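Please look over the sequence and the model shown here, with attention first to the nonpolar side chains at the surface and then to those in the interior.

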Amino acid sequence: MSARWKLTLSYAGVVVVSGIGLLAAVALYLLRYVPDVNIVSDLFVPNRSDLIRAFVPVAIVMMLVLLALGLGGGWIIAGRMLAPLDRIGRAAQLAAQGSLSHRVALEGPRDEFRDLADVFDSMLEQLEAHLAEQQRFAANASHELRTPLAISQTMLEVARNDPDRDVDALIDRLYEVNARAIELTEALLMLSRAERRTFTREPVDLSLLAEESAETLLPLAERRDVTIDVGGDTADVLGSPALLQQLISNLVHNAIVHNRPADGTVVVRTHALPHAMALVVENTGDVLPAHLVATLAEPFQRGAERARGAGSARSVGSARAGGSARDDGHGRDGRADDDDHVGVGLGLAIVQRIAQAHDGSLVLTARQGGGLNVTVWLPHPFPGPLA
């Protein structure tokens with residue numbers, strides 16, 4: 001039995017029971033005061049039996065009318081009450097079939113059904129955006145993973161047809177391409193882990209993690225003539241030490257790599273504020289337009305310099321497979337240090353996902369005079385009246 005029929009029968013039952021109660025009240029409280037004897041008079045004076053014989057048929061007819069009105073009115077009222085649920089149900093069916101663009105868009109005054117429809121529309125909107133992002137991410141990831149495989153295949157084909165091939169150079173280049181693919185796979189796994197939030201939260205001091213990251217990346221900074229300045233407050237948060245360490249390392253690494261060719265600086269500061277904890281990483285560099293800054297946290301989005309570097313590395317790989325070495329534009333004969341490459345386009349995307357997994361946020365702003373200012377906001381571990 002449908003919900004509409006259940007409501008209709010409920011309405012009809014309420015009406016019939018109310019009618020029976022009213023008629024019973026009339027019979028019990030009025031007819032009992034009429035004597036059940038023949039009253040001698042010049043006019044006809046009905047007694048109780050006469051009134052009952054006259055009242056019962058009319059009562060039966062009225063009960064049938066009330067039953068019909070209860071069923072008809074209940075059917076109409078139930079239909080009007082359940083109409084919003086029908087619209088939500090149709091939208092849910094379309095969503096189950098894969099169409100997430102449909103919206104309930106329920107009009108009228110705000111009530112429980114309107115609130116339910118608005119929540120459902122909001123859920124559909126989020127699902128549509130998430131699905132579009134996942135599809136775009138899957139397409140980009142497939143493209144990025146296909147690139148090293150295609151490079152390896154090309155190098156092997158060229159080397160097989162080249163009798164004068166340099167086996168050592170081929171092995172070195174294949175090693176670099178394989179390391180690149182492994183790095184990309186690990187970055188994708190790190191991104192997936194952050195999105196699933198499958199980690200145990202424990203107290204972590206961001207200032208200590210910042211010092212460790214700066215110490216680890218100091219050789220890279222020295223090679224690129226970049227100065228790292230770390231300082232700030234003790235900033236305790238609740239989260240995963242490994243993920244937060246990856247977050248800070250990604251930010252510091254990006255700040256070093258995307259910096260001035262010489263005399264660059266990277267400033268890392270931690271701030272313990274009453275309402276939240278903040279990690280700020282600021283670096284010098286080229287002037288960044290606002291539209292580019294807005295896309296830096298998207299997966300596989302690279303700046304122009306990074307895209308050129310990636311393209312150069314790929315062209316170098318093809319040249320080496322043919323047995324000749326070329327300069328990749330960086331003055332190192334195409335060779336790149338493991339810690340000095342342009343990245344896989346997931347650094348800031350991973351940072352954003354890790355921040356969101358810790359109920360925080362990532363804010364990117366262009367630095368005045370060139371460079372980037374990155375702020376990661378994380379919730380206070382012990383919220384209280386001052387927080």
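**From the surface patch to the cores**

In this predicted model, a nonpolar surface patch of about 1000 Å² is made by Met1, Trp5, Leu9, Ile52, Val56, Ile60, Leu64, Leu67, Leu71, Trp75 and Ile76. Helices H1 and H2 each supply at least two residues of this patch, and H2 gives the most, with eight residues. Leu9, a patch member that lies in helix H1, is partly exposed, with a relative accessible area of 40%; because residues need over 30% relative accessible area to belong to a patch, Leu9 meets that cut-off.

Two members of the patch, Trp5 and Trp75, also form an aromatic pair, which is tilted, with 4.9 Å from centre to centre and 55° between the planes. The pair links distant parts of the chain, since Trp5 belongs to helix H1 (residues 3–29) and Trp75 to helix H2 (residues 48–96), 70 residues apart. Both rings sit in partly exposed residues, the relative accessible area being 43% for Trp5 and 32% for Trp75.

Turning to the interior, the largest nonpolar core has 50 residues, of which Leu247, Leu251, Ile256, Leu364 and Val376 touch the most other members. Helix H7 (residues 241–257) contributes the largest share of this core, nine residues. Leaving aside its neighbours within four places in sequence, Leu247 is in contact with Leu279, Val351, Ile354, Ala355 and Val376. A second, separate core consists of nine residues, among them Ile88, Leu100, Leu106 and Leu124.

Note on methods
Residues numbered from 1 in each chain as written. Predicted model: local features only at pLDDT ≥ 70, side-chain atom pairs only at ≥ 80, totals over all residues. Heavy atoms only, no water. Core = buried A, V, L, I, M, F, W, Y, C linked by side-chain atoms within 4.5 Å. Buried < 20%, exposed > 50% of the residue type's maximum accessible area, 1.4 Å probe, protein only. Helix = DSSP H or I, 4+ residues; strand = E, 2+ residues; numbered from the N terminus. Contact = heavy atoms within 4.5 Å. Phe/Tyr/Trp six-rings, centres within 6.5 Å; stacked < 30°, edge-to-face > 60°. Patch = residues over 30% accessible without salt bridge, like charges linked within 9 Å, V, L, I, M, F, W, Y side chains within 5 Å. Areas by Shrake-Rupley, 256 points an atom, 1.4 Å probe, with all protein chains shown as cover. Salt bridge = Lys/Arg side-chain N within 4 Å of Asp/Glu carboxyl O.
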